[in-house]
Amino acid sequence: MAKVAREMVEKSGVNVDELVGKLVRAASAEFTTYYYYTLLRAHAIGFEGEGLKEIIEDARLEDRNHFEALFPRIYELGGDLPRDIRDFSDMAACADAYLPDNPNDARQLLGVLVEAERCAIRVYTEICDMTFGKDHRTYELALAILNEEIEHEAWFSEFLGEGPSGHFRRGTPGESPYTSRFLVVPNGHN
């Protein structure tokens, strides 16, 4: 734990235990989403599904990066992750992104994906609101993740016909342009 860092966040008026709880639930959501997106990507088949695979993969790898970027901050603030993976997955801030009833239906698949991203946007907006002007490090981290989650929602909602997203292919899947500076383990990009 970074004692002075935690102390400064407490002095700014943030309830650090509540913040750590939100960060742990967000990390759990990222970890479980990575798992579920693996399944969703595998079931993205056929003409429509194949077009989604690369975007699902990009979001999946970036969600893993979000988990990797969050857990050091949890420990810096004196928190920790549950020892049991089942306990950890049960505390996710967002509902599980289960395969839809008909996993071969691209629209159903997209519905699951877009709702997962919308939940993540709400989670990180809450963390940003809680830390703005008070906990600069957590705020910048949450804002970086929020920017990527907003892009993910736009990518998937565009496929649903909700309007253009301005999505352009990342240089490499999982690049995490906003979050990469927070990663402890480099993702191969500088």
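**Exercise 1. The disulfide**

Cys94 and Cys119 form a disulfide, with 2.1 Å between their sulfur atoms, and the structure that contains this pair is a predicted model. Work out which handedness the disulfide has, which parts of the chain Cys94 and Cys119 tie together, and why Cys128 has no bond to the closest cysteine sulfur.

*Solution.* Begin with the bond itself: a disulfide is a covalent bond between the sulfur atoms of two cysteines. The torsion about the S-S bond of Cys94 and Cys119 is about -95 degrees, so this disulfide is left-handed.

Next, place the two partners along the chain. Cys94 sits in the loop between helix H4 (85-90) and helix H5 (106-131), while Cys119 belongs to helix H5, so the pair ties together parts that are 25 residues apart in sequence. Both Cys94 and Cys119 are buried.

Finally, turn to Cys128. Its closest cysteine sulfur is the one in Cys94, 14 Å away, which is too far for a bond, because a disulfide needs sulfur atoms within 2.5 Å. Cys128 is buried, with a relative accessible area of 7%, and the structure holds 1 disulfide.

**Exercise 2. Leu19, Leu77 and Thr138**

Determine whether Leu19 is buried or exposed, and then find which residues Leu77 touches and which residues Thr138 touches, leaving aside in each case residues up to four places away in sequence.

*Solution.* Start with Leu19, which is found in helix H2. Its relative accessibility is 0%, so Leu19 counts as buried, the cut-off being under 20%. Beyond its neighbours within four places in sequence, Leu19 is in contact with Val9, Val14, Leu77, Ile127, Met130, Thr131, Asp135 and Thr138.

Now follow the contact to Leu77. Among the residues that Leu77 touches, apart from those up to four places away in sequence, are Leu19, Val20, Leu23, Asp135 and Thr138, and the list also includes Met1, Arg6, Val9 and Val16.

The last step leads to Thr138, which has its place in helix H6 (residues 136-159). Thr138 counts as buried because its relative accessibility is 1%. With residues up to four places away again left out, Thr138 touches Leu19, Leu23, Arg73, Leu77, Ile127 and Thr131.

**Exercise 3. The nonpolar cores**

Find which helices each supply at least two residues of the largest nonpolar core, and how many residues a second, separate core holds.

*Solution.* As background, nonpolar side chains in soluble globular proteins tend to be buried together. The largest nonpolar core has 34 residues, of which Leu19, Leu23, Leu70, Ile74, Leu77, Tyr124 and Ile127 touch the most other members. At least two residues of this core come from each of H2, helix H3 (46-76), H5 and H6. A second core, separate from this one, consists of 19 residues, including Ile55, Ala97, Val112 and Leu113.

**Exercise 4. The cavity**

State what volume the largest cavity has, and how the residues of its lining divide into nonpolar, polar and charged.

*Solution.* The count comes to 1 cavity of 30 Å³ or more, and the volume of the largest cavity is about 90 Å³. Its lining is made up of 13 residues, with Ala29, Glu30, Thr33, Ala120 and Glu149 lying nearest the centre. The elements that give two or more residues to this lining are helix H2 (16-43) and H5. Sorted by type, the lining residues of the largest cavity are 8 nonpolar, 1 polar and 4 charged.

Conventions. Residues are numbered from 1 along each chain as its sequence is written. This is a predicted model: local features need pLDDT of at least 70, side-chain atom pairs count only at pLDDT 80 or more; totals for chains, interfaces and linings use all residues. Side-chain values use heavy atoms; hydrogens and water are left out. Helices (H or I, at least four residues) and strands (E, at least two) are DSSP runs, numbered from the N terminus. Buried means under 20% relative accessible area, exposed over 50%, partly exposed in between (1.4 Å probe, protein chains only). Contact means heavy atoms within 4.5 Å. On a 1 Å grid over the protein atoms alone, a cavity is a set of points where a 1.4 Å probe fits but cannot get out, and a pocket is an open set with protein on both sides within 12 Å along at least five of seven lines; lining residues have an atom within 4 Å of a point. Grid points are joined across faces, edges and corners, and a volume is the space filled by probe spheres set on the points. Ala, Val, Leu, Ile, Met, Phe, Trp, Tyr, Cys and Pro count as nonpolar, Asp, Glu, Lys and Arg as charged, and the others, Gly among them, as polar. A nonpolar core is a set of buried Ala, Val, Leu, Ile, Met, Phe, Trp, Tyr and Cys residues joined through side-chain atoms within 4.5 Å.
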